[in-house]
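Below are some notes on this model, set out as numbered points. The ligand site comes before the two sheets.

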Amino acid sequence: MKILVPVKRVLDYNVKPRVKADGTGVDLANVKMSMNPFDEIAVEEAIRLKEKGAATEIVAVSVGPAKAQETLRTALAMGADRAIHVQTDDEVEPLAVAKILKAIADEETPGLVILGKQAIDDDSNQTGQMLAALLNWGQGTFASKVEVDGSSVNVTREVDGGLETVKLSTPAIVTTDLRLNEPRYATLPNIMKAKSKPLAAKTPGDYGVDTAPRLTITNVVEPAKRSAGIKVGSVDELIAKIKETGVIA
Amino acid sequence: MSVALVLVEHEGGAIKDATLSAVTAASQLGEVHALVAGQGVGAVADAAAKIAGVTKVHVADDAAYGHNLAENVAPVAAAIVKDHCDYLVAPATTTGKNIAPRVAALLDVMQVSDILSVEGPDTFTRPIYAGNAIATVKSSDAKKVLTVRGTAFAKAPAEGGSGSVEAWSGGGDAGLSSFVGAEIAASERPELTSAKIIVSGGRALGSSEEFHRLIDPLADRLGAGVGASRAAVDAGYAPNDYQVGQTGKIVAPELYVAIGISGAIQHLAGMKDSKTIVAINKDEDAPIFQVADIGLVGDLFKLVPELTEKL
Ligand SMILES: Cc1cc2nc3c(=O)[nH]c(=O)nc-3n(C[C@H](O)[C@H](O)[C@H](O)COP(=O)(O)OP(=O)(O)OC[C@H]3O[C@@H](n4cnc5c(N)ncnc54)[C@H](O)[C@@H]3O)c2cc1C
């Protein structure tokens, strides 16, 4: 079974985003960019399935600018076998990404596509579900456990009330939650080896996908700031201050 | 007039509060219809028809819809929106987030996730970058699919409406997925997303035993829901449904008490709209103090029992 793993290059999760003064977005000039953390978990899960013998090949895909190749090289260094880079400098919305991924899935016929549940930049949480709809496949979203069993996969999902398990016939879509696994670091020898792994260069046009955005961002602002609070010196003072708010009597 | 279809989230025969917030958002867009999908959901449909503002309820009652499987429910929502509505409005819960994008793709629509406000018929605000920025987004799609952040919209009154109820038939089991089982935590405590007071514990608690020994009695004393940071959940001190943050639950209680939580941006994303934030942390420079209204610097293992005792 082949596994397709889409990965996105985003602002590193340790960097505090700064809103641009002109309201056009978040400043990404000269800041650290990394693989979306949920996608790292997706790559890791694919590698573990391969190590267990449940998968034979891992193909990483990224839709994005030239620099997205760095993200693909990270996936290759972690253990993906080859990569497809769909290059574009435009912002590509989840719907268009899902359409490109559908075209790739049609060509590659993977048994599973494992995606991050959301990207930490636009926090949309859509691409996996959209891809599942376009392919008419089952979807196991927000996964904390994935068990491949012949022609089906059991996915344990993190839901608001606790955990839920669904059984999907393959091919299927899985989106990762934080507790699915802890991604490995790429070792130096593997980073070197990754440089010679195959990376195919494509464009959205190669897949016949129109990436024109459906949404226009008209303004981006900082959220309202909380006014600075006070520090108290004792539990008694704390209780008195909480009582002043009227929440407790 | 435009029509907005609200995806009703229900469990054990009761409509979840997040649905009521979605109804409020929908009512700012036009006439409100509701979709109740499930098995044996006649009573839920009747309850949905009573929500103030709901004029019509579509009921899809079939075993195939019994466990909210997106593969089976999304085509129903897509068919109804296609024929009758201009919007699909779903609560931004794990159920809504699972189903709505599938509907959007079936309709060839780019979803607007987690809206904070309705600025116009096609314009909404939404958080990006863990809430460190708020974007105003305008949609050019003819039909629109939205998920709604519960804390950003008041709950519509559960009584006062007199909508009609109409059975929907068609669809059924797509044959792609089936429900295996669930481990749903039963708790006497208030649900996090609707709790008036929340007490949350972080990594500093050190173990599941200490988490329960210190956090639970304080929560009980305050009648509070219990939350946790990701670090506390990852370490197994608390179950996953306790997690507050960018990728956990978004909460905005009247009082949020953060105990031994540093205040990473991903945690703040889930609680910084709380009315009053209290933080107890031994590090006076912990980022949590930048958002806390009332801070107490010191050792939680000494301060929390004292606080519980004196309340
Ligand atoms: C993609 C992604 C998504 C994430 N999503 C979330 C999310 O949804 N929610 C979330 O919470 N996190 C999330 N995180 C994790 C987040 O970045 C932090 O790692 C996490 O919130 C830290 O948890 P903590 O504050 O409990 O632990 P720490 O950061 O380790 O803080 C522990 C705090 O306890 C204090 N302390 C220690 N001992 C004592 C004592 N005896 N008395 C008093 N204080 C003490 C310390 O001073 C410190 O401030 C996410 C991270 C990533 C990468």
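1. The model is a predicted one. In it, 30 residues surround the ligand, and the closest are B:R203, B:S229, B:V244, B:S262 and B:N281. The surrounding residues come from chains A and B, so the site is shared between the chains.

2. Polar contacts to nitrogen atoms of the ligand. A backbone N or O atom of B:V244 lies 2.8 Å from a ligand nitrogen. From the side chain of B:T247, an N or O atom is 2.8 Å from a nitrogen atom of the ligand. For the side chain of B:D299, the corresponding distance to a ligand nitrogen is 2.9 Å.

3. Burial and lining. The ligand alone exposes 990 Å², of which the protein buries 85%. Two or more residues of the shell are given by each of α1 (37-51) of chain A and α6 (230-234), α7 (265-271) and α8 (300-310) of chain B. By class, the shell holds twelve nonpolar, 13 polar and five charged residues.

4. A parallel sheet with strands from both chains. Six strands form this open sheet, in the order β13(A)-β18(B)-β17(B)-β16(B)-β14(B)-β15(B). At the edges stand β13 (230-232) of chain A and β15 (225-228) of chain B; each has a single partner strand, so one side of each lacks a neighbour in the sheet. The twist from one strand to the next averages 20°.

5. Detail of that parallel sheet. β14 (197-201) of chain B pairs with β15(B) in the parallel sense over four bridges, and B:S200 has B:G227 as its bridge partner in β15(B). Helix α6 (235-245) of chain A packs on the sheet, touching β13 of chain A and β16 (255-259), β17 (276-281) and β18 (294-297) of chain B, with its direction at about 170° to that of β18(B). α8(B) also packs on the sheet, touching β16, β17 and β18 of chain B; its direction makes about 135° with that of β17(B).

6. A mixed sheet. Ten strands form an open sheet in the order β11(A)-β5(A)-β4(A)-β1(A)-β6(A)-β10(A)-β7(A)-β8(A)-β9(A)-β13(B), and the pairing is mixed. Its edges are β11 (199-202) of chain A and β13 (177-184) of chain B, each with a single partner strand, so one side of each is left without a neighbour in the sheet. Neighbouring strands are turned by 30° against each other on average, direction ignored.

7. Where chain B joins the mixed sheet. β9 (162-169) of chain A and β13(B) pair in the antiparallel sense over seven bridges, with A:E164 opposite B:A182. Helix α4 (94-106) of chain B packs on this sheet, touching β7 and β8 (152-159) of chain A, and its direction makes about 95° with that of β7(A).

Definitions and conventions. Residues are numbered from 1 along each chain as its sequence is written. Chains are lettered from A and ligands numbered from 1 in the order in which they are written. This is a predicted model: local features need pLDDT of at least 70, side-chain atom pairs count only at pLDDT 80 or more; totals for chains, interfaces and linings use all residues. Side-chain values use heavy atoms; hydrogens and water are left out. Two strands pair if DSSP finds at least two bridges between them. Axes are lines fitted to C-alpha atoms, for helices over the stretch in contact, and angles run from 0 to 180 degrees between N-to-C directions. Contact means heavy atoms within 4.5 Å. A residue is near a molecule or strand if one of its heavy atoms lies within 4 Å of it. A polar contact is a pair of N or O atoms within 3.5 Å; within protein, one must be able to donate a hydrogen and the other to accept it, and residues adjacent in sequence count only if both atoms are side-chain atoms. Accessible areas come from the Shrake-Rupley method with a 1.4 Å probe; for residues, only the protein chains shown count as cover. Ala, Val, Leu, Ile, Met, Phe, Trp, Tyr, Cys and Pro count as nonpolar, Asp, Glu, Lys and Arg as charged, and the others, Gly among them, as polar.
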